[in-house]
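Student: Before I rely on the terms used for this model, I should like to hear the reasoning behind them. May we take them one at a time?

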Amino acid sequence: MKIAFLLFVSLWIWNTAFTQALSSSKIQSLSKQQLPGAWTDLRALLSLPNDAHYPRDIEPNINWLDSAFQDRDFRTQRLPTSGEIPLLLAERQFSSSGKTVLIYLQADGQPVDPSRWNQSHPFTPVLKSQMEDGSWQKVDWEQLTPEANYEDWRVFARSASDAKGPIIMFLAALDAMQQANFTPNYNIKVIIDFEEELGSPKLPAAVEEHQEALAADMLIIYDGPPHITNQPTLKFGARGIATITLTVYGPRVPQHSGHYGNYAPNPGFRLSHLLASMKDKRGRVTIPGFYDGIELDAKTREVLRQVPDDELAIQQKLGIAEADQVGATYQEALQYPSLNLRGLSSGWVAQRVRTIVPSTATAEIDIRLVMESDPKRLVRLVREHIEQQGYYLVDSLPTDKERSTYAKIAFFRSQISYPAFRTNLDSEVGNWLSAALAHHFGELPIKIRTTGGSVPIAPFVNTLGIPAVIVPTVNPDNNQHSPNENIRLGNLTRGIETYLAILAQPLP
């Protein structure tokens, strides 16, 4: 009760001293008026393929967004990186003496497998409504009008939620601001990343090179889903990510399992034993020192308890009977670094199966990083553990000499994409965003200390020296990174309202 009272008093002071430019009802009305244009823009932007493995496909996305921001009186420039794909910076000066807010947006998407999508193509947006039996039925775009009962309809396409949907929400909020004829008391810079799904490999160096152009007082990330309840949420941190490719070798080429089974070592079994040695039956990493430095004090545990998770509902949604025992709760689990097997391959399966001893077995591993752990140290611990299991590690195909010398050989390659970040819940940017959301939605947002996913924000935080907070808006069940990714239109509408409320909230 004491904490709730203090928060209420704090927000009362904020809203008294800095009255919003718009009432909640006006924000809602303005946002609804932008919907037809937002739907048109969403459909157009989602129709552009955006897998950054193919730079030619990214160029039309850059051009579309460049024009979209110029049309809204932003000055744009392409910030070169060390690769083929630049960053796009859009900025607009609203106040000669005000602070500057930097907004991060992501415009690329995960690779697609069209055969796994329930539509003609992942880059042909399809409007659908869910039937009583849980199936999805196509809805003609002509039926999508502000008068329709559209809130639970969804648009299915790659990047619908991750993260072209938030881009369209922000553009629509800017249009609503223009219609309401007000301007924020702060300046805006928007940085758009077109290689986020590749791990933003060029971003850290680019931020270092262009730090003067990117200079700001705080950073907002428009990305990701809110709490599973779909209530307004702020996320004050995110885990970083490192990846490992591990290949165990068997015979030089696949061998007949009748002739050489029981004789030629099977790399699939060897890799299985190696991976099993990294975790216990509770799901905890057994590599000594992996969790060193993680201590959750009473204050932190109280922050985590404030998140209204229903553990049973989460497990039912995932289809699991019990969770790994890394943390006592879902929120606690996110405070630790994770060691995840994200892909596994050896030989052939299904209709292509054959009776052979495979020549290789490969595991793709990701490590989600937290503030308290050194990424280089975690990767080194994994590497040393593999060596302690008797493996000779190579960074290319093993030579004939190596094959005849070492009984157990593995290829090991690692990459640290970016570290974690975390901002204090009572920071200036946190209080400002909380006031904006509370003003419009009538209640404090859910505040999450660290989200499980990764966004490449640490380079901005560390290089520019600014705090950062994530404002998530897309539906939690959006299938991001998976086939049949979608965005719920009710979330699109509320996202426009959220971003407009932030634009209208004066910054001290």
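Student: Which residue of β20 stands opposite L219?

Tutor: In this predicted model, L219 stands opposite A468 in β20.

Student: How do you know that β8 and β20 are paired?

Tutor: Two strands pair if at least two bridges are found between them. Strand β8 (residues 218-221) and strand β20 (residues 468-470) are joined by 3 bridges and run parallel, so the criterion of at least two is met.

Student: What makes β3 a partner of β8?

Tutor: The same reasoning applies. β3 and β8 share 4 bridges in the parallel sense, and at least two suffice. One of the residue pairs is Y104 with its bridge partner I221 in β8.

Student: Which way do the side chains of β8 point?

Tutor: M218 and I220 point one way, L219 and I221 the other way, and all are buried. In a regular strand, side chains alternate between the two faces of the sheet.

Student: Why are β13 and β16 said to stand at the edges of their sheet?

Tutor: That open sheet has 5 strands in the order β13-β15-β11-β17-β16, with mixed pairing. β13 (338-345) and β16 (392-394) each have a single partner strand, so one side of each is left without a neighbour in the sheet. On average, neighbouring strands here are turned by 30° against each other, direction ignored.

Student: What joins β11 to β15?

Tutor: Strand β11 (residues 240-249) and strand β15 (residues 360-369) run antiparallel and are joined by 10 bridges. I244 has I365 in β15 as its bridge partner.

Student: Which helices lie against these strands?

Tutor: Helix α9 (residues 267-276) lies across β11, β13 and β15, at about 20° to β15. Helix α13 (residues 375-388) also packs on the sheet and touches β11, β13, β15, β16 and β17 (409-418). The direction of α13 makes about 170° with that of β17.

Student: Why is α4 called roughly parallel to α5?

Tutor: Helix α4 (residues 55-70) and α5 pack at an angle of about 20°, with their axes 11 Å apart. Angles under 35 degrees count as roughly parallel, and that makes α4 roughly parallel to α5. α4 passes α5 in a left-handed crossing. The contact involves N61, W64, L65, A68 and F69 of α4, with K164, I167, I168, F170, L171 and L174 of α5.

Student: Why, then, is α2 called oblique to α17?

Tutor: The axes of helix α2 (residues 24-33) and helix α17 (residues 489-504) cross at roughly 125° and come within 9 Å. Roughly perpendicular covers 65 to 115 degrees, and roughly antiparallel begins over 145. The angle of roughly 125° falls in neither range, which makes α2 oblique to α17. Their crossing is right-handed, and I27, Q28, L30 and S31 in α2 meet I496, E497, L500 and A501 in α17.

Student: What makes α15 and α17 oblique to each other?

Tutor: The axes of helix α15 (residues 428-441) and α17 cross at roughly 125° and come within 9 Å; by the ranges just given, α15 and α17 are therefore oblique. This crossing is right-handed. W432, L433, A436, L437, H440 and F441 in α15 meet R494, E497, T498, A501 and I502 in α17.

Student: How do you know whether F123 is buried or exposed?

Tutor: Buried means under 20% relative accessible area. F123 has 11% relative accessibility, so F123 counts as buried. F123 is placed in the loop between β3 (100-106) and β4 (126-130). Leaving aside neighbours within four places in sequence, F123 is in contact with L46, S47, L48, P49, N50, V112 and R158.

Student: What is the largest nonpolar core made of?

Tutor: The largest nonpolar core has 74 residues, and those with the most contacts inside it are F69, F170, V190, W432, L500, I502 and L503. Its largest share, 10 residues, comes from helix α5 (residues 164-180). Not counting residues up to four places away in sequence, F170 touches F69, I103, L105, I188, V190, Y222, Y499 and L503. A second, separate core of 33 residues includes L246, L275, M278 and L381.

Technical notes. Residues are numbered from 1 along each chain as its sequence is written. This is a predicted model: local features need pLDDT of at least 70, side-chain atom pairs count only at pLDDT 80 or more; totals for chains, interfaces and linings use all residues. Side-chain values use heavy atoms; hydrogens and water are left out. Helices (H or I, at least four residues) and strands (E, at least two) are DSSP runs, numbered from the N terminus. Axes are lines fitted to C-alpha atoms, for helices over the stretch in contact, and angles run from 0 to 180 degrees between N-to-C directions. Contact means heavy atoms within 4.5 Å. A nonpolar core is a set of buried Ala, Val, Leu, Ile, Met, Phe, Trp, Tyr and Cys residues joined through side-chain atoms within 4.5 Å. Buried means under 20% relative accessible area, exposed over 50%, partly exposed in between (1.4 Å probe, protein chains only). A crossing is left-handed if the near helix is turned anticlockwise from the far one by less than a right angle, and right-handed if clockwise.
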